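Please study the sequence and the structure shown below before attempting the exercises. Each exercise consists of a task and a worked solution.

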Amino acid sequence: MVEALDLFLKIGLDKRTAENTIANNKVTTNLIAVINEAAVTDGCERSTGNLLYTVATKFPANALMHRPKLLEYIVSSKIKTPAQLEAAFAFLSVTASEDLDINKFEEACGVGVEVSEHDIKCVVDEMFKEKESAIVEQRYRTNVGDLFAHVRKKLPWADPKIVKKLIDEKILALLGPKTEADNEKPVKKKKEKPVKVEVKSNKEEDPQSEEELNPYSIFPAPEDNYKVHTEVTFSDGRVFRACNSKSLLEKHLKITGGKVLTRFPPEPNGYLHIGHAKAMFVDFGLAKERSGGCYLRFDDTNPEAEKKEYIDHIKEIVDWMGWKPYQITYTSNYFQELYDLAVELIRRGHAYVDHQTGDEIKEYREKKMNSPWRDRPISESLKLFDDMKRGLIEEGKATLRMKQDMQSDNFNMYDLIAYRIKFTPHPHAGDKWCIYPSYDYAHCIVDSLENITHSLCTLEFETRRASYYWLLDALNLYQPYVWEYSRLNITNTVMSKRKLNRLVTENYVDGWDDPRLMTLAGLRRRGVTATAINTFVKGIGITRSDGSMIQLERLEYHVREELNKTASRTMVVLHPLKVVITNLEPSSVIDLDAKKWPDAPVDDASSYYKVPFSSVVYIEQTDFRMKDSKDYYGLAPGKTVLLRYAFPIKCTEVVLSEDKQSVVEIHVEYDPDKTTKPKGVLHWVAEPSPGVDPLKVEVRLFDKLFLSENPGELDNWLDDLNPESKVVIPSAYAVPSLKNAEVDDKFQFERLGYFVADKDSTPEKLIFNRTVTLRDSYGKAWK
């Protein structure tokens with residue numbers, strides 16, 4: 001269906017969506033009909049194309065007679081937003097086959113309605129006047145979704161991006177920057193009943209399905225792999241039903257003993273990303289659950305792209321993720337067997353040597369035309385293939401192609417290439433070979449040679465099932481059970497190897513393990529644990545539903561859950577403000593006990609660490625303001641706050657700079673008897689001895705790498721990089737005990753977030769990366 005693919009690309013669909021669409025005959029038929037009805041076969045803007053795709057998938061079936069009219073409105077940009085389109089669907093589903101009232105239709109869909117930023121601002125201002133007292137009372141716990149809904153009700157066709165911008169600006173202007181109180185979780189009253197906690201921890205409520213309890217229950221046993229689960233339809237009307245013969249299955253079971261064998265087959269041409277974590281969870285997880293084994297197989301068929309660096313990295317990451325390979329193998333281990341089977345494929349009349357160029361092969365495949373050399377004599381192809389192997393034919397002058405079905409509806413049956421000539425030594429196999437097998441040829445054969453029981457891969461490979469089983473059947477080889485699952489796509493990042501490679505090689509990030517990347521090396525350096533990643537992946541499941549974008553916050557929730565249990569507490573001040581305690585002797589230093597864990601038992605000394613309390617301490621600059629307010633929990637002139645693990649302090653004097661614009665230091669008196677009970681609690685760091693600065697550390701604050709949820713879909717995706725994705729604070733102050741931190745040690749910096757000691761640390765200066773903040777905007781939905 002090359003014509004359909006080209007058509008879908010012309011209307012702006014990305015290639016993956018277009019290819020997935022072709023795999024669904026119903027959607028393909030609908031979309032082609034929609035494109036023709038809309039008269040945009042020569043192409044259109046991407047925004048228009050996306051609306052047309054939605055029409056093809058969601059248009060109400062009872063109103064098909066009105067679809068051409070809707071398409072007129074879309075192509076003319078009278079209907080140009082998803083909200084308008086959803087309104088159109090709702091209106092037409094009610095109208096059904098009755099006559100269309102154009103005036104009512106246009107009114108329902110907001111046709112011709114232009115909402116200016118000024119209009120939105122007026123509604124937002126009016127809403128804030130009405131709700132100001134409630135917003136001030138709830139502060140940053142205000143349900144912003146309710147505010148959006150209010151504006152949407154008044155202005156249903158307003159641009160949501162502008163609405164969000166104006167609401168955010170208004171909240172900031174009304175409330176000011178977030179305080180430490182805003183970041184603290186609200187205290188729940190009388191809901192922590194032991195019985196309920198016990199029941200919840202024992203998971204006796206909300207019974208789960210078998211698939212939720214065991215996501216691998218959907219896969220059949222090896223002895224059942226004689227059943228047909230894939231049919232390949234040929235253009236001449238033949239239908240091939242993929243299944244193993246009794247003798248092939250018995251031979252396989254005798255070799256494996258009925259054991260489940262899977263494989264994790266990364267290509268060693270880059271670093272693994274979080275999508276590979278899902279693949280590992282599926283491949284290694286199924287083998288472990290069934291007491292079988294999972295091969296770590298390096299798919300090293302392209303000698304130009306592979307490096308030992310990548311191989312070593314993959315081995316290390318697989319081990320870090322907690323998976324133990326059954327065996328470590330390489331596709332190149334099987335080069336001789338693959339070559340011998342290619343010769344056999346030619347002998348059986350299923351392959352031929354072709355002399356077309358790459359561009360000619362592409363053109364002929366698009367036109368469903370046979371190669372001029374497709375029907376050459378078998379003996380001739382055998383000789384030429386031997387010449388290719390012996391280096392007698394120039395690179396690019398010949399390929400070995402499989403003789404499949406050039407008239408098929410599946411473009412992965414258009415005589416795929418099996419071997420190419422490349423005069424490049426192989427990193428693993430050396431210089432023995434100058435011809436190399438393609439993925440489409442080698443992958444299924446090595447699966448069979450290794451007696452893989454379950455060949456599991458992502459959904460974009462679904463259309464390759466036909467070729468996979470065709471080749472194994474043509475060679476009379478054992479056929480593994482093939483099953484595809486949805487890719488893992490996460491917001492605000494890219495996971496294409498090409499895009500990741502560009503970010504690294506063009507220095508947009510600091511290497512493959514930059515903590516802003518969703519590479520597993522980057523996540524590890526950021527302080528994310530393998531346990532959190534695997535829990536996150538398990539929660540998503542391994543179903544075939546595709547197209548979903550998982551919110552980054554969902555991963556962060558699991559990271560917080562893990563680090564909350566394992567990261568010891570400590571105190572660091574990022575932007576120090578000097579506080580002089582006037583009623584404490586300058587030479588006096590008091591050693592206080594601070595908790596490493598919230599519930600540290602009093603009699604366990606290992607759960608505490610010492611912090612010095614002296615006449616000079618430092619707090620965060622944001623924890624002091626000149627003007628106090630009822631809802632502010634920080635320090636202000638005349639106000640008292642509690643220093644965590646220490647004493648209450650009251651501000652008695654403020655020292656300003658010469659220009660009277662900024663605060664240089666503040667003077668306070670402390671309450672040694674702790675008779676006052678202030679609401680605000682601040683973290684702090686003191687001079688360990690008079691006149692000696694606290695321990696200086698560098699802190700790196702990481703945020704989302706991209707501003708948009710799906711930057712990979714943008715034409716200028718590099719323009720979407722978040723300029724604030726990495727902020728370096730070179731001279732933060734830390735408590736003395738932190739000087740003993742080692743690389744990969746994880747901490748909760750109280751009130752600031754979770755941090756990990758970075759590999760760039762030196763004995764002279766420790767460096768910490770922020771893993772995640774303390775605030776969780778997503779967690780409740782996933783508890």
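The exercises below concern a predicted model.

**Exercise 1. The protein as a whole**

Task: State how many helices and strands there are in the protein, and what share of its residues is buried.

Solution.
Step 1. The protein contains 25 helices and 27 strands.
Step 2. Of its 783 residues, 49% are buried.
Step 3. The C-alpha trace spans about 100 × 70 × 55 Å along the principal axes.
Step 4. Among the contacts with a separation of 6 or more, 70% are made by residues 24 or more positions apart.

**Exercise 2. A sheet of 4 strands**

Task: Determine the order of the strands in the open sheet that contains β6, β7, β8 and β9, and identify its edge strands.

Solution.
Step 1. Strands of a sheet pair through backbone hydrogen bonds, in either the parallel or the antiparallel sense.
Step 2. Strand β6 (residues 351–354) is joined to β7 by 4 bridges, and the two run antiparallel. Within this pair, Y352 stands opposite R401 of β7.
Step 3. Strand β7 (residues 399–402) is in turn joined to β8 by 3 bridges, again antiparallel. Here T399 stands opposite R420 of β8.
Step 4. Strand β8 also pairs with strand β9 (residues 435–437) in the antiparallel sense, over 3 bridges. In this pair R420 stands opposite Y436 of β9.
Step 5. The order is therefore β6-β7-β8-β9, with antiparallel pairing in an open sheet. The edge strands are β6 and β9, each of which pairs on one side only.
Step 6. Neighbouring strands of this sheet are turned against each other by 20° on average, direction ignored. Helix α19 (residues 378–389) packs on the sheet and touches β6, β7, β8 and β9, while its direction makes about 60° with that of β6.

**Exercise 3. Burial of two strands**

Task: Establish which residues cover each face of β6, and explain why β8 counts as largely enclosed.

Solution.
Step 1. In a regular strand the side chains alternate between the two faces of the sheet.
Step 2. In β6, A351 and V353 lie on one side, whereas Y352 and D354 lie on the other. These residues are all buried, and both faces of β6 are covered.
Step 3. In strand β8 (residues 417–421), 4 of the 5 residues are buried, so this strand is largely enclosed by the rest of the structure.

**Exercise 4. A sheet of 7 strands**

Task: Give the strand order of the open sheet with mixed pairing, and describe how β18 pairs with β21.

Solution.
Step 1. The 7 strands follow the order β21-β18-β19-β20-β14-β17-β22.
Step 2. At the edges are β21 (681–682) and β22 (685–686), each pairing on one side only.
Step 3. Strand β18 (residues 640–643) pairs with β21 in the parallel sense over 2 bridges. The bridge partner of L642 in β21 is V681.

**Exercise 5. Two helices in contact**

Task: Describe how helices α6 and α7 pack, and name the residues that make the contact.

Solution.
Step 1. Helix α6 (residues 82–95) and helix α7 (residues 102–109) pack at an angle of about 140°, and their axes are 8 Å apart.
Step 2. This angle makes α6 oblique to α7, because only angles over 145 degrees count as roughly antiparallel.
Step 3. The crossing of α6 and α7 is right-handed.
Step 4. On α6 the contact is made by Q84, A87, A88, F91 and L92, and on α7 by K104, F105, A108 and C109.
Step 5. By class, the contact of α6 with α7 comprises 7 nonpolar, 1 polar and 1 charged residues.

**Exercise 6. Individual residues**

Task: Decide whether E698 is buried or exposed, and state where S77 and N476 are found.

Solution.
Step 1. E698 belongs to strand β23 (residues 695–702).
Step 2. Its relative accessibility is 13%, so E698 counts as buried, the cut-off being under 20%.
Step 3. Apart from neighbours within four places in sequence, E698 is in contact with V728, I729, P730, K765, L766, I767 and F768.
Step 4. Most residues other than glycine have a negative phi.
Step 5. S77, although not a glycine, has a positive phi of about 65°. S77 lies in the loop between α5 (67–75) and α6, and is partly exposed, with a relative accessible area of 39%.
Step 6. N476, also not a glycine, has a positive phi of about 55°, and is found in the loop between α21 (465–474) and β11 (481–485).

Methods. Residues numbered from 1 in each chain as written. Predicted model: local features only at pLDDT ≥ 70, side-chain atom pairs only at ≥ 80, totals over all residues. Heavy atoms only, no water. Axes fitted to C-alpha atoms, helices over the stretch in contact; angles between N-to-C directions. Parallel < 35°, antiparallel > 145°, perpendicular 65-115°, else oblique. Left-handed = near helix turned anticlockwise from the far one by under 90°. Contact = heavy atoms within 4.5 Å. Nonpolar A, V, L, I, M, F, W, Y, C, P; charged D, E, K, R; others polar. Buried < 20%, exposed > 50% of the residue type's maximum accessible area, 1.4 Å probe, protein only.
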